[in-house]
Amino acid sequence: NTDGSITSSVRANPSAGFSVVTYQSNGTRGASIGHGLNAAPSWVVVKNRDNSYDWMVGHDGLGGWSNFIRLNTNGAKGSAVTIFANTAPTSSVFYVGEDNTVNAGSSVQNYLALCWSEVSGYSKFGSYTGNGSSDGPFVFTGMRPKWLLIKNSSAAENWYIIDTSRDEHNVSGTQLKPNTSDAEDSFSLLDILSNGFKIKNSNASYNTSGSTYIYACFAEHPFKTARAR
């Protein structure tokens with residue numbers, strides 16, 4: 001793929017809104033990399049394949065692409081133009097800065113990027129604001145989520161994965177933390193509904209008043225065929 005200033009190798013499925021991208025660094029802030037989705041990604045994850053650096057995440061719910069968060073830690077979001085170059089992805093490319101985690105300049109290094117764009121009725125990437133109540137926010141996704149990833153981007157809280165394979169009935173709460181090696185645990189967290197999810201806990205990981213939470217979800221019955229729950 002030669003759409004960007006750095007030539008990339010891309011395996012893309014635009015109809016599913018997902019591509020796997022590999023590229024080599026050039027150490028230039030604002031370097032652009034083709035992703036092959038024909039739609040702007042809402043969620044990008046980048047990993048340096050040659051060194052033990054963090055997994056760097058850009059997400060529409062972080063309040064701009066000057067911001068980033070790390071998939072392998074519980075840290076809150078940070079801000080630096082050296083990660084995603086303070087530039088939102090386009091329908092053809094995403095952008096990186098000159099940080100070693102995304103685009104080293106001291107030597108040529110190899111990178112993996114995972115890119116997702118929203119597909120109506122199949123995937124949704126966004127954010128919600130906590131209210132600190134057991135009657136928490138309802139988040140509209142336009143479909144019934146099968147798999148849901150949530151992170152408090154305002155504070156040091158774990159990432160959480162909830163799905164309807166392990167929790168077949170509401171209230172859902174069997175969770176895994178992808179930034180830790182912990183075994184799964186469970187407590188009442190949220191209802192997974194035909195058109196979104198409803199928070200039912202005031203736990204800081206899901207619903208601190210005023211905190212921003214980013215999420216990613218994929219449909220149980222894709223393309224607007226979800227059944228009520």
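Helices in this account are DSSP runs of H or I with at least four residues, strands are runs of E with at least two, and both are numbered from the N terminus. With that convention, A85 can be placed in the loop between helix 1 (81-84) and strand 8 (93-96) of what is, throughout, a predicted model. A85 has a positive phi of about 60° although it is not a glycine, and its relative accessibility of 11% falls under the 20% cut-off, so that A85 counts as buried.

N38 offers a second case of positive phi in a residue other than glycine, with a value near 60°. The loop that holds N38 runs between strand 3 (31-34) and strand 4 (43-48), and because exposure is assigned over 50% relative accessible area, N38 counts as exposed at 64%.

The strands can be followed next. Seven of them form an open sheet in the order 1-2-9-4-5-6-7, with antiparallel pairing. Strand 1 (8-13) and strand 7 (78-79) stand at the edges of this sheet, each with a single partner strand, so one side of each is left without a neighbour in the sheet. Within the sheet order, strand 5 (residues 56-59) and strand 6 (residues 67-70) pair in the antiparallel sense over two bridges, and V57 has I69 of strand 6 as its bridge partner.

The nonpolar interior may be introduced by a general tendency: in soluble globular proteins, nonpolar side chains tend to be buried together. Here the largest nonpolar core has 20 residues, and those with the most contacts inside it are Y23, V46, F84 and F94. Two or more residues come to this core from each of strand 2 (18-24), strand 3, strand 4, helix 1, strand 8 and strand 9, and strand 9 gives the most, with three residues. Y23 is in contact, beyond its neighbours within four places in sequence, with residues including I6, I33, V46, F94, V96, V102, Y111 and A113. Apart from this core lies another, of 17 residues, among them L148, L189, F197 and C217.

A polar residue can also be buried, as N103 shows with a relative accessible area of 0%. N103 lies in the loop between strand 8 and strand 9 (110-116), where a polar atom of its side chain is 3.0 Å from the backbone nitrogen of G27. Leaving out residues up to four places away in sequence, N103 touches I6, S25, N26, G27, T28, A31, V96, G97, E98 and Y111.

Further along the chain, the loop between strand 13 (159-163) and strand 14 (172-175) contains R166, which is partly exposed at a relative accessible area of 28%. The side chain of R166 makes a polar contact of 2.8 Å with the side chain of E184, and a polar atom of the R166 side chain lies 3.4 Å from the backbone oxygen of T174. Not counting residues up to four places away in sequence, R166 touches I161, T174, Q175, L176 and E184. By contrast with these contacts, the C-alpha atoms of R166 and Y215, 49 residues apart along the chain, are separated by 19 Å. The loop between strand 13 and strand 14 also holds V171, and a cis peptide bond, with omega of about 5°, joins N170 and V171.

Definitions and conventions: Residues numbered from 1 in each chain as written. Predicted model: local features only at pLDDT ≥ 70, side-chain atom pairs only at ≥ 80, totals over all residues. Heavy atoms only, no water. Buried < 20%, exposed > 50% of the residue type's maximum accessible area, 1.4 Å probe, protein only. Contact = heavy atoms within 4.5 Å. Polar contact = N/O pair within 3.5 Å; in protein donor to acceptor, adjacent residues only side chain to side chain. Pairing = 2+ DSSP bridges. Core = buried A, V, L, I, M, F, W, Y, C linked by side-chain atoms within 4.5 Å.
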